[in-house]
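Reader: I am in my first year of study and would be grateful for a close look at a single part of this model. Please begin with one residue and then place it among the cores and helix contacts.

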Amino acid sequence: MKDYIVRATAANGQIRAFAITGKHLVEEARRRHQTSPVATAALGRLLCAGAMMGSMMKNETDMLTVQIQGDGPLGGITVTADSHANVKGYVRHPDVMLPPKNGKLDVGGAVGIGLIQVIKDMGLKEPYSGQTILVSSEIAEDLTYYFANSEQVPSSVGLGVLMEKNNRVSCAGGFIIQLMPFAQEASIAQLEQNLKEVTSVTELLERGETPESMLEILLQGLDLEIHDKVETGFFCNCSKERVKRAVASIGKQDLKDLILEGEDMEVRCHFCNQAYLYTVEELKEIMKQGKV
C-alpha cells in the first residue's frame with residue numbers, strides 16, 4: 001500500500017489538519033543513503049513533515065525546503081518537497097551511531113543545538129524564509145515552535161519513526177494540526193484534551209492507525225471533515241543532464257586536469273545518492289559545448 005496524506009478540517013473550518021503514513025518513503029530514504037537507525041529516525045521525521053508542508057502549498061510549481069542545522073554528530077538535515085507531496089532529503093553524516101536515551105533513539109542528541117529554517121519558493125521575486133531555534137531537537141516540537149513563532153499559526157506537530165531490529169523501517173508518519181485565527185475557546189479546549197490523551201505517533205502507527213483514523217482520534221468531538229487524500233513518496237528529479245551543471249561548475253582547469261590524467265568522474269546526487277559517471281570523452285564534450 002502506498003504512503004499518503006489526508007487533508008482535513010474540523011469545527012467548521014476553525015481547525016485544519018494533515019496526517020501521513022510514510023513507512024515506504026522513509027524506508028526508501030534509508031535504503032538509498034544507508035542511514036543508521038538514529039539517522040533514519042531524524043531524516044524520516046523531517047521527510048514526513050516536509051511532505052505534509054509541501055501538500056499545504058497551493059501552486060503547481062511551489063517548492064519547499066526545510067533545513068535543520070545542529071551541532072550534533074548528524075551535522076544537519078535537508079528536505080525538499082513540492083506541492084504534490086513528492087519529497088526527498090538527506091543527512092550530512094548518515095552513519096552516526098548513538099546509544100539509546102530512555103529506551104528510544106536519541107534524535108535530539110544526534111541533531112544537537114541549532115536552528116530550523118523553512119524556505120518557500122512560490123514563484124515570487126524572493127522566496128519566503130523563516131527561521132527559529134531548535135527547542136528540543138526532536139523535530140516535531142521544533143516545527144510546532146517554528147509555526148507559532150515564524151508563521152504565527154498555533155500548531156501541534158507529531159512525528160514518529162519506528163525501526164525494526166534489522167534496521168528496516170517498521171512504521172513512520174505523523175500529523176500537523178493548526179488553529180485558524182477565528183478558532184473558538186471551546187474548540188481549542190477540546191483539541192488540547194484530545195492531544196493529551198495521545199501518547200505518541202509511533203504507538204498509533206504500530207497499532208495500525210491510518211491517517212484518517214489518526215485524525216478521528218485527534219479531532220474527536222470536533223466534526224472532522226476529510227477533504228482529500230494525496231499520495232506521497234520519495235522522489236528525486238535529478239538526471240545525468242541536470243548533474244552535468246555541477247560537473248561544469250568545478251571549473252575549467254580542474255576538468256582539464258582530469259582529462260589529461262585520463263580519469264573518469266563520478267558525481268553523486270546529495271538528495272538521492274544516485275551516482276552518475278562521466279567518462280573522459282563526456283568531460284571533453286562538456287568543455288567543447290562551452291558548459292565550463
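**A residue in helix H6 and its surroundings**

Author: Thr 202 belongs to helix H6, which covers residues 201-206. The model is a predicted one. Is Thr 202 buried or exposed? The relative accessible area of Thr 202 is 18%. Because buried means under 20% relative accessible area, Thr 202 counts as buried. When neighbours within four places in sequence are left aside, Thr 202 is in contact with Gly 160, Val 161, Leu 162 and Cys 171.

From this residue one may turn to the nonpolar cores. The largest nonpolar core comprises 71 residues. Within this core, the residues with the most contacts are Met 53, Ile 77, Ile 139, Leu 143, Leu 159 and Leu 283. Helix H2 gives the most to this core, namely 12 residues. A second core, separate from the largest one, has 24 residues, and Val 6, Leu 191, Val 201 and Leu 215 are included in it.

Ile 77 deserves a closer look. Its neighbours within four places in sequence being left aside, Ile 77 touches Ala 42, Leu 43 and Leu 46, and it is also in contact with Val 66, Gln 67 and Ile 68. Further contacts of Ile 77 are Tyr 90, Val 91, Val 111 and Ile 139.

Helix H2, which gives the most residues to the largest core, also packs against another helix. Helix H1 (residues 23-33) and helix H2 (residues 37-55) have axes 9 Å apart, at an angle of about 135°. H1 and H2 are therefore oblique to each other, and their crossing is right-handed. On the side of H1, the contact is made by Leu 25, Val 26, Ala 29, Arg 30 and His 33. On the side of H2, Thr 40, Leu 43, Gly 44, Leu 47 and Cys 48 take part. By class, six residues of this contact are nonpolar, three are polar and one is charged. Leu 43 of H2 takes part in this contact and is also in contact with Ile 77.

A further helix pair involves Leu 283, one of the residues with the most contacts inside the largest core. The axes of helix H8 (residues 240-248) and helix H10 (residues 280-288) come within 11 Å and cross at roughly 75°. These two helices, H8 and H10, are therefore roughly perpendicular to each other. H8 contributes Lys 240, Lys 244, Val 247 and Ala 248 to the contact, while H10 contributes Glu 282, Leu 283 and Ile 286. The contact of H8 with H10 has four nonpolar residues, three charged residues and no polar ones.

Conventions:
Residues numbered from 1 in each chain as written. Predicted model: local features only at pLDDT ≥ 70, side-chain atom pairs only at ≥ 80, totals over all residues. Heavy atoms only, no water. Axes fitted to C-alpha atoms, helices over the stretch in contact; angles between N-to-C directions. Helix = DSSP H or I, 4+ residues; strand = E, 2+ residues; numbered from the N terminus. Parallel < 35°, antiparallel > 145°, perpendicular 65-115°, else oblique. Left-handed = near helix turned anticlockwise from the far one by under 90°. Contact = heavy atoms within 4.5 Å. Nonpolar A, V, L, I, M, F, W, Y, C, P; charged D, E, K, R; others polar. Core = buried A, V, L, I, M, F, W, Y, C linked by side-chain atoms within 4.5 Å. Buried < 20%, exposed > 50% of the residue type's maximum accessible area, 1.4 Å probe, protein only.
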